[in-house]
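Reader: I'd like to go through the labels on this one and hear what each of them rests on. Could you start with the cut-offs?

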Amino acid sequence: MIRGLLITGAGDRVRGGEELIARWREEGDGHLWLDLQGEPQARERALLESFDCHPLAIDDAHRERHPPKIEEFETHTLILYRGIASFDTELNFVPQQVAFFIGERYLISLHPGTALSLDRLLNSGEGERLLARSPEFVALKAMYLSAGFYLDSLLEFEEVLSDLEDGLLEGGSDALMRCIVAYKSRLVKMRRIFNYHVGITQELTAYDYSHLPREVDETLHAINDVHERFERLYSLTQMYYDICGDLVDGYLSLSSHQLNNTMRILTVITAIFVPLTFLAGIYGMNFAHMPELGYRYAYFILLGVMLVIAGGLVWLFRRWRWI
């Protein structure tokens, strides 16, 4: 699907498809935004080559799982961005690669599936207003909005994290630990994505790109907004990852403490019965000449000695607060 938005030199807003390219070329002073969603790669390549896009840039845009990057060419600047197709409070997210080809008077966006931020801009007057100013504002705003979708779900995840902490304090379970470990794995993946995006915005603020000029105050302000949002996303994912790690460590500490209590009780029981077993073992021997065997009250004396030993050990362990 090819969707187009043309802002003419006279300020007219025209929506359509691929046919807008001819009118844009004829006028020579308008701004064009073409959004290509799920188009065959051969058709995308032909269209991009008609705008003199560099073959290496086209190859990068068509490469699956390419890390986010920014690269400048003679006629355009390429931004590879990792957008989202879906995201929820359980940190289940489906990323998708979005490529922006930013020229002096045009913006071409490529993505395989639905991009929420691009749909929002295309279906609102905000996209028209930004495109009338300059194509790079549309790309920066799309990245800003996409980061906002991430941010909303991450902030909602904070409540889920609070429930996990409460569940751990109530005793925890192996199922809870599996859930936390799964969250840690998702947070690592998200942190890696946000780290790439922070790197992109750092490059935009540190180096001059001809199609995203820093000397234009509005452009620099838009770049800083995107950079601050991705820095916040990165710091949030790092903080949540650390909290999940603390929860795992806390659960292991509680489990270790419970195990120590169990082993202490078993040790106390063993310590009490070992001397009793020793005495029973001695007098259970079948020797003919054992002095105590002939004594009338030997059995009761032995039982008394065993009771005294057991009672004394119980008293000692209670004094030590082992039981």
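Author: Sure, burial first: a residue is buried under 20% relative accessible area, exposed over 50% and partly exposed in between, using a 1.4 Å probe and protein chains only. Mind that this is a predicted model, where local features need pLDDT of at least 70, side-chain atom pairs count only at pLDDT 80 or more, and totals for chains, interfaces and linings use all residues. Residues are numbered from 1 along each chain as its sequence is written, and side-chain values use heavy atoms, with hydrogens and water left out.

Reader: So what makes isoleucine 272 buried or exposed?

Author: Its relative accessibility is 11%, and the buried class is anything under 20%, so isoleucine 272 counts as buried. It sits in helix α8, where a helix is a DSSP run of H or I with at least four residues, a strand is a run of E with at least two, and both are numbered from the N terminus.

Reader: Which residues does isoleucine 272 contact, beyond its sequence neighbours?

Author: With contact meaning heavy atoms within 4.5 Å, and neighbours within four places in sequence left aside, isoleucine 272 contacts Ala310, Leu313, Val314 and Phe317. Isoleucine 309 is 37 residues from isoleucine 272 in sequence, and their C-alpha atoms are 7.9 Å apart.

Reader: What class does leucine 247 get, and why?

Author: Leucine 247 has 8% relative accessibility, under the 20% limit, so it is buried too. It also belongs to α8, and away from its sequence neighbours it touches Leu161, Leu164, Glu165, Leu168, Met177 and Ile180. Leucine 6, on the other hand, lies 241 residues away along the chain, with 53 Å between the C-alpha atoms.

Reader: And why is histidine 227 placed in its burial class?

Author: Its relative accessible area is 12%, so histidine 227 falls under 20% and is called buried. This is another α8 residue, in contact with Val198, Thr201 and Gln202 once neighbours within four places are set aside.

Reader: How do you know how many disulfides there are?

Author: The rule asks for a pair of cysteine sulfur atoms within 2.5 Å, and the count by it is zero. Take cysteine 179: the nearest cysteine sulfur, on cysteine 244, is 8.6 Å away, so the pair misses the 2.5 Å limit and cysteine 179 is in no disulfide.

Reader: What burial classes do cysteine 179 and cysteine 53 get?

Author: At 28%, cysteine 179 lies between 20% and 50%, so it is partly exposed. Cysteine 53, at 5%, is under 20% and therefore buried.

Reader: Why are β1 and β2 called paired?

Author: Pairing needs at least two bridges found by DSSP. β1 (2–7) and β2 (13–16) have four, in the antiparallel sense, so they pass. Isoleucine 7 stands opposite arginine 13 in β2, and the two strands form a hairpin with five residues between them, where glycine 11 in the turn has a positive phi of about 95°.

Reader: What makes an empty space a cavity or a pocket?

Author: On a 1 Å grid over the protein atoms alone, cavity points are those where a 1.4 Å probe fits but cannot get out, while a pocket is an open set with protein on both sides within 12 Å along at least five of seven lines; lining residues have an atom within 4 Å of a point. Grid points are joined across faces, edges and corners, and the volume is the space filled by probe spheres set on them.

Reader: How many cavities of 30 Å³ or more turn up?

Author: One, and its volume is about 70 Å³. Twelve residues line the cavity, with Gly83, Val98, Ala115, Ser117 and Ser146 nearest its centre.

Reader: What kinds of residue line the cavity?

Author: Nine nonpolar, three polar and no charged. Here Ala, Val, Leu, Ile, Met, Phe, Trp, Tyr, Cys and Pro are nonpolar, Asp, Glu, Lys and Arg charged, and the others, Gly among them, polar.

Reader: What does the largest pocket look like by these rules?

Author: Its volume is about 590 Å³. The lining has 24 residues, with Arg63, Glu64, Arg65, Gln96 and Gln97 nearest the centre, and β6 gives the largest share, five residues. By kind, the lining has nine nonpolar, seven polar and eight charged residues.
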